[in-house]
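Please open the structure in a viewer and keep the selection panel at hand. The stops below proceed from the overall fold to individual side chains.

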Amino acid sequence: MQLQVHSDNHIEGSARLAGWVRATIASKFERYDEELTRVVVHLNDEKGNKAGANDKRCQIEARAKGRQPLSVTHNAESLEFALDGAMEKLGHALAHRLGKQRNKRITDGAEVAGSAASRDRLLEEDFLAEEQLRIA
């Protein structure tokens with residue numbers, strides 16, 4: 001999975017900030033490493049030098065193999081909260097989309113047809129993935 005971090009001219013786009021964002025994204029979405037080809041993070045300060053509530057914006061675009069990209073946005077009072085909120089939204093969107101894809105593989109026969117063990121394994125994966133999202 002390729003990770004890119006972009007920031008506007010109101011946010012100091014240091015190597016430290018980019019490294020922190022990359023590490024945070026990589027650890028949160030490592031379970032989707034095989035499905036995702038690229039994740040692009042855009043950080044913006046919408047009001048520039050002016051003070052204001054919820055003026056930091058984080059947009060994350062995730063591209064899955066053979067799928068349309070997913071894009072989520074979250075506004076907050078700090079970059080950390082904006083990134084956390086956007087990651088939570090993306091986690092839900094990925095679990096929904098890729099969970100549907102896994103269910104479709106079962107019904108289309110891509111998995112071993114009629115194999116209760118394979119269905120149980122996939123259901124357990126989905127359950128554990130949703131549980132991790134709730135905890136994180």
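Read along the sequence, the chain of this predicted model follows the pattern β-α-β-β-β-α-α. The secondary structure thus listed comes to 3 helices and 4 strands. With the whole chain of 136 residues displayed, 35% of the residues count as buried. Among the contacts with a separation of 6 or more, 51% join residues 24 or more positions apart.

**The sheet**

Select the strands. They form an open sheet of 4 strands in the order S1-S2-S3-S4, and the pairing is mixed. Which strands lie at the edges? These are S1, residues 2-7, and S4, residues 70-76, each of which pairs on one side only. Neighbouring strands of the sheet are turned by 15° against each other on average, with direction ignored.

Next, restrict the view to S1 and S2, the latter covering residues 36-45. In which sense do S1 and S2 pair? The two strands run in the parallel sense, and their pairing extends over 6 bridges. To inspect one bridge, select Ser7 together with Leu43, its bridge partner in S2. In general, strands of a sheet pair through backbone hydrogen bonds, either parallel or antiparallel.

**The first helix**

Add helix H1, residues 15-28, to the display. Helix H1 packs on the sheet and touches S1, S2 and S3, the last of these spanning residues 56-64. The direction of H1 makes about 135° with that of S1. Now follow the backbone from S1 through H1 to S2: this path is a β-α-β crossover, and its hand is left-handed.

**The aromatic pair**

The structure holds 1 aromatic pair. Select Phe29 and Tyr32, whose ring centres are 6.5 Å apart. Why is this pair classed as tilted? The planes of the two rings stand at 40°, and planes that are neither under 30 degrees nor over 60 degrees apart count as tilted. Switch on the surface to check the surroundings of both residues. Phe29 has a relative accessible area of 1% and is buried; Tyr32, at 2% relative accessibility, likewise counts as buried.

**The salt bridges**

How many salt bridges does the model contain? The count comes to 3. Begin with Lys56 and Asp45, whose closest N and O atoms are 3.4 Å apart in a salt bridge. This pair links distant parts of the chain, since Lys56 belongs to strand S3 and Asp45 to strand S2, 11 residues apart. Are Lys56 and Asp45 buried or exposed? Both residues are buried.

Keep Lys56 selected and add Asp55. The side chains of Lys56 and Asp55 also meet in a salt bridge, at 3.4 Å from N to O, and Asp55 is buried as well. Asp45, Asp55 and Lys56 are accordingly linked in a network of salt bridges.

The remaining stop in this group is Arg63, which forms a salt bridge with Glu61. Here the closest N and O atoms are 3.0 Å apart. Arg63 has a relative accessibility of 31% and therefore counts as partly exposed, because that class lies between the limits of 20% and 50%.

**Around the network**

Return to strand S2 and select Asn44, which lies in this strand. Asn44 is buried, with a relative accessible area of 17%; the value falls under the 20% limit for that class. Which residues does Asn44 contact, leaving aside its neighbours within four places in sequence? They are Asp8, Ile11, Asp55, Lys56 and Arg57. Asp55 and Lys56, two of these contacts, also belong to the salt-bridge network.

For the final selection, move to helix H2, residues 79-108, and pick Ala82 within this helix. Ala82 is buried, with a relative accessible area of 0%. Leaving aside its neighbours within four places in sequence, Ala82 is in contact with Lys56, Arg57, Cys58, His74 and Ala76. Draw a distance between the C-alpha atoms of Ala82 and Lys56: the separation is 6.4 Å in space, while the two residues are 26 residues apart in sequence. Lys56 thus appears at several stops of the tour: in contact with Ala82, in contact with Asn44, and in the network with Asp45 and Asp55.

Methods: Residues numbered from 1 in each chain as written. Predicted model: local features only at pLDDT ≥ 70, side-chain atom pairs only at ≥ 80, totals over all residues. Heavy atoms only, no water. Pairing = 2+ DSSP bridges. Axes fitted to C-alpha atoms, helices over the stretch in contact; angles between N-to-C directions. Contact = heavy atoms within 4.5 Å. Phe/Tyr/Trp six-rings, centres within 6.5 Å; stacked < 30°, edge-to-face > 60°. Buried < 20%, exposed > 50% of the residue type's maximum accessible area, 1.4 Å probe, protein only. Salt bridge = Lys/Arg side-chain N within 4 Å of Asp/Glu carboxyl O. Right-handed = clockwise from strand over helix to strand, strands pointing away.
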